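Student: Got a minute to go through a structure with me? I'd like to ask about whatever catches my eye.

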Amino acid sequence: MSTTMTTTKRNDSQYKNDLRSHAGNGKSFHPTFQPRFDIWEGDDELILYGDLPGVKSEDLNVQFENRQLTIHGKVERHQDGGETWFCEYGVGDFQRSFTIGEAINSEAISAELHDGVLTLHLPQTDRVKPRRIEVKAK
């Protein structure tokens, strides 16, 4: 069984243009990162696993509106003071959006954050779950 889901991808060329336009103008630039997600489909639900290293639950906002699931938050710098030599983790705001099909029970969506991984449970509505049809003998 398949459940409709699409994701909004960041336009990398737009991101690079934003970096260039802010370079050297003296204004601070706060890029918005797009975290990576794995999507798994089981018999009863979709599960999304998102890598959010260093994110605190109070800095995380998950909303569902008009079939759009949006994950937004921020990552703070891990070390204060000193000089950063090399940095691969994004620091700043992040956002990711998914368009969810009608086969998902939006009232039952749940989320948990554990060890930097956000897990979103999107249960399917009963009408799309597989069911066994009883065969009556005559």
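Tutor: Happy to, and we can start with the overall layout before going residue by residue. One thing up front: this is a predicted model.

Student: Good to know. How many helices and strands does the protein chain have?

Tutor: The count is one helix and nine strands. Read from the N terminus, the order is β-α-β-β-β-β-β-β-β-β.

Student: And what share of the residues is buried?

Tutor: The protein chain has 138 residues, and 27% of them count as buried. Its accessible surface is about 10,300 Å², with 45% of that belonging to carbon and sulfur atoms.

Student: What about contacts between residues 24 or more positions apart?

Tutor: Taking the contacts with a separation of 6 or more, residues 24 or more positions apart account for 60% of them.

Student: Let's pick a residue, then. Where is Leu120, and is it buried or exposed?

Tutor: Leu120 sits in strand E9, which covers 117-123. Its relative accessibility is 0%, and buried means under 20%, so Leu120 counts as buried.

Student: Which residues does Leu120 touch?

Tutor: Setting aside residues up to four places away in sequence, Leu120 touches Phe37, Leu46, Ile47, Leu48, Val62, Leu69, Ile71, Ser110 and Ala111. There is also a C-alpha distance for Leu120 and Gly50: the two are 70 residues apart along the chain, and their C-alpha atoms are separated by 8.3 Å.

Student: What comes after E9? I was looking at Thr125.

Tutor: Thr125 lies in the segment after that strand. Thr125 is buried, with a relative accessible area of 16%. Beyond its neighbours within four places in sequence, Thr125 is in contact with Glu102, Ala103, Ile104 and Asn105.

Student: And Arg127, buried or exposed?

Tutor: Arg127 is exposed, at 63% relative accessibility. Arg127 is also found in the segment after E9. The C-alpha atoms of Arg127 and Ile104 are separated by 9.9 Å, with their positions 23 residues apart along the chain counted as the distance apart.

Student: Switching topic: how many salt bridges does the structure hold?

Tutor: It holds one salt bridge. The partners are the side chains of Lys74 and Glu76, at 3.5 Å from N to O.

Student: Why can side chains like those pair up?

Tutor: Side chains of opposite charge can pair when their charged atoms come close.

Student: What's the exposure of Lys74 and Glu76?

Tutor: Lys74 is partly exposed at 34% relative accessibility, and Glu76 is partly exposed with a relative accessible area of 41%.

Student: Arg77 is right after that in sequence. Where does Arg77 lie?

Tutor: Arg77 is in the loop between E6 and strand E7; E6 spans 68-75 and E7 spans 92-100. Arg77 is partly exposed, at a relative accessible area of 45%. Not counting residues up to four places away in sequence, Arg77 touches Thr84 and Val91. The C-alpha atoms of Arg77 and Gly54 are separated by 8.6 Å, and these two residues are 23 apart along the chain.

Student: Which residues line the second largest pocket?

Tutor: Arg77 is one of them. The rest of the lining is His78, Gln79, Gly81, Gly82, Glu83, Thr84, Phe86, Cys87, Glu88, Tyr89 and Val91. Thr84 and Val91, which Arg77 touches, are thus named in that lining as well.

Student: How much space lies in that pocket, and how does the lining divide?

Tutor: About 210 Å³ of space lies in the second largest pocket. The lining divides into four nonpolar, five polar and three charged residues.

Student: Last topic, backbone angles. What is phi for Arg67?

Tutor: Arg67 has a positive phi of about 70°, although it is not a glycine. Arg67 is in the loop between strand E5 (60-65) and strand E6, and is partly exposed with a relative accessible area of 26%.

Student: And where is Asp115, with what phi?

Tutor: Asp115 is in the loop between strand E8 (110-114) and E9. Its phi is near 50°, a positive value in a residue other than glycine. Asp115 counts as exposed, at 70% relative accessibility.

Notes. Residues are numbered from 1 along each chain as its sequence is written. This is a predicted model: local features need pLDDT of at least 70, side-chain atom pairs count only at pLDDT 80 or more; totals for chains, interfaces and linings use all residues. Side-chain values use heavy atoms; hydrogens and water are left out. Helices (H or I, at least four residues) and strands (E, at least two) are DSSP runs, numbered from the N terminus. Buried means under 20% relative accessible area, exposed over 50%, partly exposed in between (1.4 Å probe, protein chains only). Contact means heavy atoms within 4.5 Å. Accessible areas come from the Shrake-Rupley method with a 1.4 Å probe; for residues, only the protein chains shown count as cover. A salt bridge is a side-chain nitrogen of Lys or Arg within 4 Å of a carboxyl oxygen of Asp or Glu. On a 1 Å grid over the protein atoms alone, a cavity is a set of points where a 1.4 Å probe fits but cannot get out, and a pocket is an open set with protein on both sides within 12 Å along at least five of seven lines; lining residues have an atom within 4 Å of a point. Grid points are joined across faces, edges and corners, and a volume is the space filled by probe spheres set on the points. Ala, Val, Leu, Ile, Met, Phe, Trp, Tyr, Cys and Pro count as nonpolar, Asp, Glu, Lys and Arg as charged, and the others, Gly among them, as polar.
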